[in-house]
Amino acid sequence: MQGSSRLISRLILTLFVLWTVATILFLIFRLMPGSPLAAFVSPTFTPEQADSLRRQFGLDKSLLDQYLLFIGNLLQGNLGESFFYKRPVGEVVMTAFANTIALTMGSLLVAYVFGVLMGAMFAWKRGTAIEGVGIPIVLVTRAAPEFWLGMVLLAIFSFGLGWFPGGGANSAGTTFSSDWARIFSLDFLRHLILPAIALALYLQGLPLLLMRTNMLEVMQEDFVTMARMKGLSTWAIVIRHAARNALLPVATAFALGIGQSVGGNVVVETVFSWPGLGRMLVEAVASSDYPLAQGAFLMITTVLVTMNFVADLLYSLLDPRIAHAGHR
Amino acid sequence: MPATAEAGARRAGGGLLAGLGRFLTLVRRDPFATAGILIYTVFLFVAVFADQLATHDPNQILYRANGRVASNQPPFGAFILGTTNLGRDIYSQLIYGARSALVVGVTAAFAVVLIGTLVGLVAGFFRGVADMILMRVADVALGIPFLPFVIVLASFREPSVWNVVIGMALVVWPSTSRVIRSQVLSLRERTFVEAARVTGSSQARILFVHIAPNVLPLSFVYGSIAVGWAILTEASVSFLGFGPTDTASWGSMLQQAYAAQALSRGWYHWFVPPGICIILVVVAGFFVSRGFEEVLFPKLRD
Amino acid sequence: MSVLSVQDLKVHYRTDRGVAQAVRGASFEVPEGQVVGVVGESGCGKTTLARAIMGVMPKTASIAGGKLLFDGVDLVSLSPKDLAARRWRDIAFIPQSAMNSLDPVYRVGTQIAEILIERGGMDKASAKRRAVELFDMVGLDAGRLRDFPHQYSGGMRQRAAIAMALALEPKLVIADEPVTALDVIIQRQVLDTFKDLQSRLGLSVILITHDISVVAYASDRVVVMYAGEVIEAGATAEVLKRPFHPYTMGLYKAFPELHGDGGTLVPIEGTPPNLIHPPSACAFADRCPFVEQRCREVHPPLEPVESGSLAACLRSGEADRLRVLAGEASTWLR
């Protein structure tokens, strides 16, 4: 079928992009000044540790052998050992990933629910004062650096009013039975609110403006006029027909948004000392923990590229014109 | 039709000017766009006359009459916006910040739009293998997380604003080139291009004289958005501590304020103004491009 | 007995350059159980008229005067709420392009059920039975109810649109260019189905088209519109055989396949007048081959002529002679 062959070619493209980015990353870290050893072996490692890593990554062999080993290790999820944490990079990255996903999904959900509703409302109120004032405000929130929004929120609500903690994902000294228990604890939620709001403030503009434009376009379609002629209720016309059609691209943007936020959260995570992937990347780069930097970067890339693919998949699932191609 | 090199050059210049002229007429019809242009003008003025407008050297540690460092001075006194914890004048830093923002914004936007437009023109016009390869490269570029990439780049190079420019040039061009490409795909089927082909114009001539001027307004739209993007990115990179330390920029001001615990001490006069400056410049880009789109796609106007 | 009586209807549009008078005092009757064809060039106000009767117009349009008497009730005077309650139950609509008029994200069956449930007060099961029945009536396979609009052919979509229009058993159906988007063979098939249903159900129909051959084939009565006015009206056979208005003569000449004399296709030269500043006299004067000085000074009233039709032409008394001249292609070429 047409639809599935399209998806297969998109999947192949996705894998191709992942492979290319991994290769570029390999080259960047190898072509860096200094010995290739520096990329994987910290002077603080014991001789045994250093030897084992040298063998695993073929650091005494040719660039090509190193590359093949690198890809081979990557496929097995082996990204080497973090200089700072002295633990496998994969493990360290996964913990940070859980924190980042919690922050990303929390802020995106708030942003998209709010953005879609407001966007539909602005389209409905086209040409009124609400729209005239609302649109510039939305554009301003989109123009504001997220980390600056975070700083202002922190100064007011955390340091000024004392309503929220000043940073981190959990209070010092609290322990949990598992990562899941930690993420679903009230303590975690209290820490999550402020960074999630800062991000959501920045993110809501896109779904809002997208929804508004789509609604305005769909409202001009013949089938909306027909729905009015049929005497359907305003609710049915606006929600069932106009909004349902206008939502298609917004759903795609949501999936793309997940991929972009995971990498884009870097600054907000830093402002709020949120132990996520972005902040980990920044710290790894700043402290020359190359294996960790490489691992964090690859993880962020994988999420981005995968979500680009998911967005494509989602669009074809939601749009019957693509999902049900065949039949005449 | 005499197709001398001279006539061709004149036509190309005219096309370029016509494209710019069309852009300006469209912009003038929209109050948002006018506001955006106004902000840009003020911002440009401040950047150019920073030396005259600043009251102090932004990097100089200032002293009070009694010989002690003038640190943490309140605003609206001897110093317009007060001083930092190290005794530097915040207002002057803000003024010079406009200059570095302008440099980053304009160079990065120019690089992005230049690459994006060229790739879009070539891919859309020649199609086939060139199109295929360029669009796969675009797919790869879209798979690279932008800010993390600039951070990794910054870790290998000296801290400088060029990291942002290079990062944007390498990663941000695909969105522009995709739009330009589809525009070119439809333009190359139009009658005036057909006419040029029939009269024996060369490929390069058709591309640069007949097609390019028509996609130029779109390039301006993407350029005005890219300026804001670049300034936002530069601020983020500086805030994370990967920016140059010797020049005053809005991002580094925010980083210093954050590090000096200005948040918990309530020194709003330190970290609020740079944020507002960033917002104003970025939103100006949105206004200009939005005003342009409203006029370009009048279908959405009732 | 008329189902609908259109009386001196005026519809105005706000535009950037001023108010456009799209419909300028149109009057005609729709007798019960008959098909009334409304014919004219694009921009003559026929689609505006249809949408005004439906009570669903663009934001820039408004009814500036006149009455729409449906079963003795003036639709113009009804509140939006009362009007919405009557829509589709009293008057249904068949659109020109069913592709754009069907919501692309729902199955066709779902869209028919929506009308039956929300407007017809049916439960799910009876709505489903009724949908199968409707598809059967218009000659579609009930299995196709589960398909999406884009999976239909053009002819199937128009049939589905007819099924939708008949869902609540309306008294009047307005069909706006219902077969224009189809090729000639399919046009004939869909029209046949429609005509058959119309006579079986005793429907009253307003058939809007620019194609006089469709009017000739499917309508009992015809209303010819020009520049927002009715310029000729009467029994279809009578009007087509003996047109009294030069515009109708010209329109007729533009569709030679109709009378099969193989005459050359001659379009009427010129364009309709600007409706922001419509002429106060005869609107067709500038394009009329038989124009006289008085045509540019006096507005011709819509009056009975000897055939029993109505026509708005100052020279309708000379129609027999003019008709012969209008038969010559050279008359129309200037």
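# A tour of chains A, B and C

Start in chain B: on the other side of helix 2 from its buried residues, select Pro31(B), Leu38(B), Thr41(B) and Phe45(B), which are exposed. Exposed means that 12 or fewer other C-beta atoms lie within 10 Å of the residue's own; 20 or more make a residue buried, and anything in between is partly exposed, with C-beta atoms placed from the backbone.

This is a predicted model, in which local features need pLDDT of at least 70 and side-chain atom pairs count only at pLDDT 80 or more, while totals for chains, interfaces and linings use all residues. Residues are numbered from 1 along each chain as its sequence is written, and chains are lettered from A and ligands numbered from 1 in the order in which they are written.

**Stop 1: helix 2 of chain B**

Now select Phe32(B), Ala33(B), Gly36(B), Tyr40(B), Phe43(B), Val46(B) and Ala47(B); these are buried. They cover an arc of only 150° around the axis, so they sit on the same side of helix 2 of chain B. The arc is taken from the directions from the helix axis to the C-beta atoms. An α-helix has 3.6 residues a turn, so residues three or four places apart point the same way.

Select residues 31-48 of chain B to see the whole helix: its 18 residues should span 26 Å at 1.5 Å a residue, and the end C-alpha atoms are 26 Å apart, in agreement. The expected span is 1.5 Å times one less than the number of residues.

**Stop 2: all of chain B**

Colour chain B by secondary structure. It has 13 helices and zero strands. Helices (H or I, at least four residues) and strands (E, at least two) are DSSP runs, numbered from the N terminus. Of the 302 residues in chain B, 48% are buried. Among the contacts in chain B with a separation of 6 or more, 73% join residues 24 or more positions apart. A contact needs C-beta atoms, placed from the backbone, within 7 Å.

**Stop 3: chain A against chain B**

Show chains A and B together. Here 38 residues of chain A are in contact with 35 residues of chain B. On chain A, the helices that each supply at least two residues to this side include helix 1 (2-30), helix 11 (234-264) and helix 14 (290-318). By class, this side of chain A has 28 nonpolar, eight polar and two charged residues. Nonpolar covers Ala, Val, Leu, Ile, Met, Phe, Trp, Tyr, Cys and Pro; charged covers Asp, Glu, Lys and Arg; the others, Gly among them, are polar.

Colour chain A by pLDDT, the predictor's confidence in each residue, from 0 to 100. The average is 81, and 86% of the residues score at least 70. Confidence in chain A is lowest in helix 7 (residues 179-183), at a mean of 68, and highest in helix 10 (residues 222-229), at 90.

**Stop 4: the domains of chain C**

Select domain 1 (2-90 + 170-332) and domain 2 (99-169) of chain C. These bounds come from an automatic or database domain assignment. Taken over C-alpha atoms, the centres of the two domains are 30 Å apart. Each domain of chain C gives 14 residues to the contact. On the domain 1 side, helix 7 (residues 184-201) of chain C gives the most, with six residues.

**Stop 5: helix 7 of chain C**

Which residues of helix 7 of chain C are buried? Select Gln187(C), Val190(C), Phe194(C) and Gln198(C). Their arc around the axis is only 80°, which puts them on the same side of helix 7 of chain C. Ile185(C), Ser199(C) and Arg200(C), on the other side, are exposed. The cover over the buried residues includes strand 3 (35-39), helix 6 (154-166) and strand 8 (204-209) of chain C. Finish at Gly202(C), just after helix 7 of chain C, which takes a positive phi of about 65°.

Terms used:
Two residues are in contact if their C-beta atoms, placed from the backbone, lie within 7 Å.
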